[in-house]
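Colleague: I would be grateful for a close look at the charged side chains of this model and the salt bridges among them. Please explain the matter for a first-year student.

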Amino acid sequence: MAIKYSREKLGEGIHYTTIVNKRQKTNTVIIHLITELSAETASVNAIIPYVLTSSSRSYPTLTDLNKKLSELYGAVVKGVVSKIGDSQGLVLMAGCINNRYTFDGEKVTEEMTSVLAGCLTDPHIENDRFFEKDFALKKQELLDDIDAEINEKRSYAFKRANLNIFKDEPAAVSVKGSREEAEKITAASAYEQYKKLLKTAQIEIIFVGSEASEGCKSILTDALSKIDRDYAGDNSSKKSPLKSDVCRVTEPHDVAQSKMVMAFKTDFEDSVAMKLMNAVFGATPISKLFMNVREKLSLCYYCSSGYNDKKGVLYVDSGVEHTNTGKAEAEILNQLEAVKKGDFSDEEMENARRSMINSLRGVSDGARSIADWYFNQSYLGKSDSPEDQIEKLNAVTREDIISAAKSLKLDTVYVLTGKESDR
């Protein structure tokens with residue numbers, strides 16, 4: 001069943017997207033505040049969506065807010081923070097059942113939207129700062145999250161690798177910032193930054209439901225119209241420039257197995273062909289990296305690739321015995337060289353294509369996944385539907401895959417390794 005998509009401008013830097021999917025049993029509203037990712041503001045920005053979604057002036061405690069949401073058939077309001085290329089996204093989202101499933105035709109969707117709008121534009125403030133008790137809890141949670149990053153060694157290695165891959169670029173900054181910056185945040189400084197973001201950030205609102213809701217749009221339009229905007233301009237990402245020499249960094253750490261991240265950079269324009277190349281190379285369980293580096297040669301515990309189209313970077317992420325990092329790197333490069341030479345079968349190419357098509361067909365299954373799809377499209381200045389991508393994917397040829405592979409140049413090799421290891 002076809003999905004209906006529309007995006008309209010509500011004000012300077014404010015857009016409202018409606019996604020109608022008849023299969024949806026729930027209604028979802030997602031508000032993105034998009035701003036530059038910066039080491040100085042990443043931590044204070046990161047705390048804001050969590051503070052905002054814990055209370056508001058109308059519901060001054062989390063208990064009050066949860067009681068109201070329970071009355072709305074168990075509606076949910078939550079905040080998250082995300083990295084989008086060179087940008088940072090502060091996200092407030094809410095979800096509830098469709099009005100048609102309420103007992104007496106209550107306007108649950110509109111009430112939920114009013115609650116979310118209040119969280120965004122009318123927070124619980126005391127003495128010109130966020131309510132101190134709630135803020136202190138959220139600050140401690142942020143500090144705990146930053147501290148916990150080191151415990152998940154695979155993602156920690158990515159974080160450390162990004163410092164080198166994107167040196168002197170906004171994308172190098174961790175989405176939650178550093179503990180040093182997080183410790184400096186106060187209820188007053190966070191409130192000041194919140195007011196600044198409301199004025200200057202790019203605001204993207206996405207509604208997903210089985211039918212459009214003029215009530216939701218009206219509520220949010222009214223709430224945002226009261227803001228004195230001084231819009232800073234659309235946020236976008238620049239392709240990461242290739243270093244003149246390959247950057248090699250090995251960091252000792254208390255790990256049982258080394259984590260190796262290799263980054264290849266490209267200026268290739270056909271992102272669909274690059275994504276199919278990535279699927280053939282290392283993004284699926286039938287890819288060259290999985291079948292050869294991991295299964296056949298047993299050089300890695302895991303070995304897969306991923307493509308960041310916003311920055312033009314293809315990653316290879318692997319877990320390797322300390323003594324095998326050199327061999328694993330050489331074989332990863334060998335498998336990429338094979339793709340560059342066209343040394344892959346039609347079966348490999350078609351299996352990769354089918355895997356991607358199946359993933360694209362699943363995008364519309366969930367409200368969050370379809371909302372994320374169209375948000376990323378708008379960020380990239382596009383409006384392709386998943387079906388459009390499938391059509392383009394079906395048109396990608398063997399020669400396109402080879403061209404995409406040939407455009408990749410090794411930029412960075414980062415290894416997080418045991419303190420006693422020898423590469």
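Modeller: The account below takes the salt bridges in turn and then considers charges outside them. Please bear in mind that this is a predicted model.

The count of salt bridges comes to 31. One of them joins the side chains of Asp122 and Arg57, with 2.8 Å from N to O. This pair links distant parts of the chain, for the two residues are 65 residues apart. Asp122 belongs to the loop between α3 (108-121) and α4 (132-148), whereas Arg57 belongs to the loop between α1 (42-52) and α2 (62-71). The two partners also fall into separate classes of accessibility. Asp122 has a relative accessible area of 26% and is therefore partly exposed. Arg57, at 59% relative accessibility, counts as exposed, because the exposed class begins over 50%.

Other salt bridges lie within a single helix. In helix α7 (residues 187-200), Glu192 and Lys195 are three residues apart, about one turn of the helix. Their side chains meet in a salt bridge at 3.0 Å, N to O. Both residues are partly exposed: the relative accessible area of Glu192 is 41%, and that of Lys195 is 29%.

A similar arrangement may be examined in helix α6 (residues 179-184), where Lys184 and Glu181 are three residues apart and so are separated by about one helical turn. The side chains of these two residues form a salt bridge of 3.2 Å, again taken from N to O.

Salt bridges can also be joined to one another. Glu8, Glu214 and Lys217 are linked in such a network. According to the element boundaries, strand β1 covers residues 4-11, and helix α8 covers 214-225.

Finally, some charged residues deserve attention for another reason. Lys4, Lys22, Lys25 and Arg100 form a positive surface patch. Residues in such a patch have no salt bridge and have over 30% relative accessible area. One member, Lys4, is found in strand β1. Lys4 has 62% relative accessibility and therefore counts as exposed.

To summarise, the salt bridges described here include the pair Asp122 and Arg57, which links distant parts of the chain, and the pair Glu192 and Lys195, which lies in helix α7. The positive patch, with Lys4 among its members, stands beside them as a further feature of the charged side chains.

Note on methods:
Residues numbered from 1 in each chain as written. Predicted model: local features only at pLDDT ≥ 70, side-chain atom pairs only at ≥ 80, totals over all residues. Heavy atoms only, no water. Patch = residues over 30% accessible without salt bridge, like charges linked within 9 Å, V, L, I, M, F, W, Y side chains within 5 Å. Areas by Shrake-Rupley, 256 points an atom, 1.4 Å probe, with all protein chains shown as cover. Salt bridge = Lys/Arg side-chain N within 4 Å of Asp/Glu carboxyl O. Lys, Arg positive; Asp, Glu negative; His and termini not counted. Charge placed at Lys NZ, Arg CZ, Asp CG, Glu CD. Helix = DSSP H or I, 4+ residues; strand = E, 2+ residues; numbered from the N terminus. Buried < 20%, exposed > 50% of the residue type's maximum accessible area, 1.4 Å probe, protein only.
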